[in-house]
Amino acid sequence: MTGLVLLPLLLLFIYHAPPLWFNGLVLVVALLALHEFYAMSLPPARRAERLLGVLFGGVLTGLLSLDLPWALAGGLSFAVLFFAIFFLLRFRELSTVTRDLALLLCGLLYVPFLLGHLALLRGLPQGREWVFFVLLVVMASDTAAYFTGTSFGRRKLYPAISPNKSIEGAIGGLAGCILGALLGKVWFFSALTLVDVLVLGTVLGVLAQLGDLFESMLKRSFGVKDSGTLIPGHGGILDRLDSLLFVFAPAYYYALLRFAA
């Protein structure tokens, strides 16, 4: 029910929203997802570090949406130096300080840096088509993997990380992604060739499933079932982004090199 309500609203927003509003949505989602990541990974005593990390995440997302490589490199460099000094001056336990620092910096790269490429993707020529295309292939992959896995799944894919996923489901998800890419070409993205469909369907299909497994690994290591409770029936924002976070950047660079070079 949540998906039936939110998905049409999201599609309408992507289609009609001007770039500034779209980038604003990406920024809000990045801040919420990064907050969930830090709530899972960092202890309550690190509240100040969590807040500063979320603020820096917003800055990085904004720099990406402006498409200023020098500013992004400068922002990442400043973040590393700032937090290295901040943790040096505010360490509590020597046995955990480097772990907490690494997790904070990991969160900046994992959420706002990767998610910020969605804003870059939207800013390309035919950017709306690219965003719709990525969403379609990932949703097709997730749906096909779920139904194939529940119907035919016998052999475990990676039981240490995600006990319910099967090899059969992963193969079905990959096939679904390629089918979704083909449907995207037919329905609204005729600029893509069949080679593009095959390459993108295969690469994005594999990366989407790896992104799902990566977030499952994070949650298991942190001892939580969901990243949050913001979306009824779906968990947190990060639970809905897991597959997409590994897909936006490769899709952007493929589109940039293949069509905008």
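## Loops, a hairpin and a nonpolar patch

Gln 126 is partly exposed, with a relative accessibility of 41%. The model is predicted. Gln 126 sits in the loop that links helix 5 (94-122) to helix 6. Its backbone stands out: phi of Gln 126 is near 60 degrees, a positive value in a residue that is not glycine.

Helix 6 spans residues 127-152, and a loop then leads to strand 1 (156-158). Arg 154 lies in that loop. Is Arg 154 buried or exposed? Arg 154 is exposed, because its relative accessibility of 65% is over the 50% cut-off. Beyond residues up to four places away in sequence, Arg 154 touches Ser 166 and Glu 168. Ala 140 is 14 residues from Arg 154 along the chain, and their C-alpha atoms are 21 Å apart.

Next comes the hairpin. Strand 1 and strand 2 form it, with 3 residues between them. Strand 2 covers residues 162-166 and runs antiparallel to strand 1. How many bridges join the two strands? There are 2 bridges. Tyr 158 has Ser 162 of strand 2 as its bridge partner. Ser 166, a contact of Arg 154, falls within the range of strand 2 (residues 162-166).

Helix 7 runs over residues 167-187 and supplies the largest share of a nonpolar patch, 4 residues. The patch lies on the surface and measures about 630 Å². Its members are Leu 179, Leu 182, Val 186, Trp 187, Phe 188 and Leu 194. Phe 188 belongs to the loop between helix 7 and helix 8 (194-222). Phe 188 is partly exposed at 31% relative accessibility, so it passes the patch cut-off of over 30%.

Now the cysteines. How many disulfides does a search of the whole structure find? The search finds 0. Cys 177 is buried, because its relative accessibility of 0% is under 20%. Cys 106 is partly exposed, with a relative accessible area of 29%.

The residues discussed above compare as follows.

| Residue | Relative accessibility | Class |
|---|---|---|
| Arg 154 | 65% | exposed |
| Gln 126 | 41% | partly exposed |
| Phe 188 | 31% | partly exposed |
| Cys 106 | 29% | partly exposed |
| Cys 177 | 0% | buried |

Conventions. Residues numbered from 1 in each chain as written. Predicted model: local features only at pLDDT ≥ 70, side-chain atom pairs only at ≥ 80, totals over all residues. Heavy atoms only, no water. Disulfide = S-S within 2.5 Å. Buried < 20%, exposed > 50% of the residue type's maximum accessible area, 1.4 Å probe, protein only. Patch = residues over 30% accessible without salt bridge, like charges linked within 9 Å, V, L, I, M, F, W, Y side chains within 5 Å. Areas by Shrake-Rupley, 256 points an atom, 1.4 Å probe, with all protein chains shown as cover. Salt bridge = Lys/Arg side-chain N within 4 Å of Asp/Glu carboxyl O. Contact = heavy atoms within 4.5 Å. Pairing = 2+ DSSP bridges.
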